[in-house]
Amino acid sequence: MYTALRLQRKLRRGEAHVIVIDPEPYMTYQPFLPEAAAGSISPRHVVVPLRRTLPKCQVVVGEVTAIDHAKRTATVSTLATREDGTGAIEVHYDELVLAPGSVSRTLPVPGLADYGIGFKTVEEAIGLRNHVLEQMDIASSTRDPDVRDAALTFVFVGGGYAGVEALAELEDMARYAARYYHNIRPDDLKFVLVEASGRILPEVGEEMGRYALRELRGRNIDVRLDTRLDSCAGRVAVLSDGSRFPTRTLVWTAGVKPHPILASTGLPLTDRGRLKCAATLTVEGVAHAWAGGDAAAVPDLTAAEPGTECAPNAQHAVRQTKVLARNLLASLRGRPLTEYRHKYVGSVASLGLHKGVAHVYGRKLKGYPAWFLHRAYHLSRIPTFNRKARVLAEWTLTGLFKREIVSLGSLENPRAEFELAADTGRHPEAS
């Protein structure tokens, strides 16, 4: 989306036709997913609508199932092709830009596919928020102590950005919500973070990672380092250290892997499944193919050690789009290409409302300053003035009024009440 946005601004009239293909009609700004899950931001403001943002581009809502670069065609399955049964369509192109991002990396853990919850999409974030509040409703109304304990136990697997920020924001929200339940105290909630390595948040450095660990444990969050999830069958999380946690909530954020579409392109891949790219963001040894973001293994020209690749994170991805769009235009106009070069400036992470850690330009911040920097940085990065203004307005209102703690789980199955009324004649009772 960022590349197409820059192309539509710089292309001359009639110079090229830009087609954007994506399974969803929007781009998700993933750093805001934890705040959306906690209710600080409305879910519709975490996404950027493609058709509105890219009015000069052709937006096709569909899934690319195969790419034949020799023939310059992409096979696309759309909602219409599934409805009318005509099969996938072929889209012809001259230049190919591959930026499908990454997907959750799962492991063959018993029970994970049945009970695990991901945290990559806005639907998963809002579904998790509803789920957490529903578990508190279950705990408040059940007479079975085992059901109550399982409902109030929340297990997160993965101590990177996604896992720590999601846990911290949801823990903040859940403990706040507990004050509105007559029989649930904040101390009744049990949050467990499971990390296979010996540290959390490696992106912010060792010292800030240790501070984040102390901060989480100081909030009575059970952080298990050098520990793996061995099983979650039967709604029981079994850890490699022998611990067992009956739980109705298991959030899986233990890493990502390249999008599966890359394996079906025939383009050169690294041993980790990412596209081999030059510093100009062209696919190595392949003409008319470009890539960026998580899908691209781009050499880091600023690294001290040769052969180092740019980390697959938003900081590099957003900056790569500027070079990618510039090089696409240069290629069309017969000009030389430029190389992507960006020195990593640091990282910021939120640990809940008014709490955070940051390691930026060699400076280490924690607490409120780091949290403020986290918000300021991501506000500056979310695309379009429209989204910036809406997010800022919501933050302002959140600071003036109390948190929203309403579960809208029925949104996930909106026809349930109507189907019940149609089948049984029972009409939903007014509340």
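Cys310 is buried in this predicted model. Its relative accessible area is 2%. The cysteine sulfur closest to that of Cys310 belongs to Cys277, 10 Å away. A disulfide needs the two sulfur atoms within 2.5 Å, so 10 Å is too far for a bond. Seen from the other side, the result holds. The sulfur of Cys277 has its closest cysteine sulfur in Cys310, at 10 Å, which is again too far for a bond. Cys277 is buried too, with a relative accessible area of 2%. The structure as a whole holds zero disulfides.

Now turn to the aromatic rings. A ring pair is described by two quantities, the distance of the centres and the angle of the planes. The count for this structure comes to six aromatic pairs. Take Phe32 and Trp395. Their ring centres are 5.6 Å apart and their planes stand at 90°. Planes over 60 degrees apart count as edge-to-face, so this pair is edge-to-face. The pair links distant parts of the chain, 363 residues apart. Phe32 lies in the loop between strand S2 (26–28) and helix H2 (33–38). Trp395 sits in helix H12, residues 385–400. How buried or exposed are the two partners? Phe32 is buried, with a relative accessible area of 0%. Trp395 has 10% relative accessibility; buried means under 20%, so Trp395 counts as buried. Tyr29 joins these two residues: Tyr29, Phe32 and Trp395 form one aromatic cluster.

A second geometry appears in the pair of Phe154 and Phe191. This pair is stacked. The centres are 4.8 Å apart, with 25° between the planes. Here, too, distant parts of the chain are linked. Phe154 belongs to strand S10 (residues 153–157) and Phe191 to strand S11 (residues 190–194). The two residues are 37 residues apart. Both Phe154 and Phe191 are buried.

Last comes Thr53. This residue is found in helix H3, residues 50–53. Is Thr53 buried or exposed? Its relative accessibility is 10%, so Thr53 counts as buried. Which backbone atom does its side chain reach? The side chain of Thr53 reaches the backbone oxygen of Pro49, at 2.7 Å. Contacts with residues beyond four places in sequence fill in the surroundings. Thr53 touches Met1, Leu5 and Gln8 in this way, along with Val48 and Thr384.

Notes:
Residues are numbered from 1 along each chain as its sequence is written. This is a predicted model: local features need pLDDT of at least 70, side-chain atom pairs count only at pLDDT 80 or more; totals for chains, interfaces and linings use all residues. Side-chain values use heavy atoms; hydrogens and water are left out. Helices (H or I, at least four residues) and strands (E, at least two) are DSSP runs, numbered from the N terminus. Buried means under 20% relative accessible area, exposed over 50%, partly exposed in between (1.4 Å probe, protein chains only). A polar contact is a pair of N or O atoms within 3.5 Å; within protein, one must be able to donate a hydrogen and the other to accept it, and residues adjacent in sequence count only if both atoms are side-chain atoms. Contact means heavy atoms within 4.5 Å. Rings of Phe, Tyr and Trp (its six-membered ring) pair if their centres lie within 6.5 Å; planes under 30 degrees apart count as stacked, over 60 as edge-to-face and the rest as tilted.
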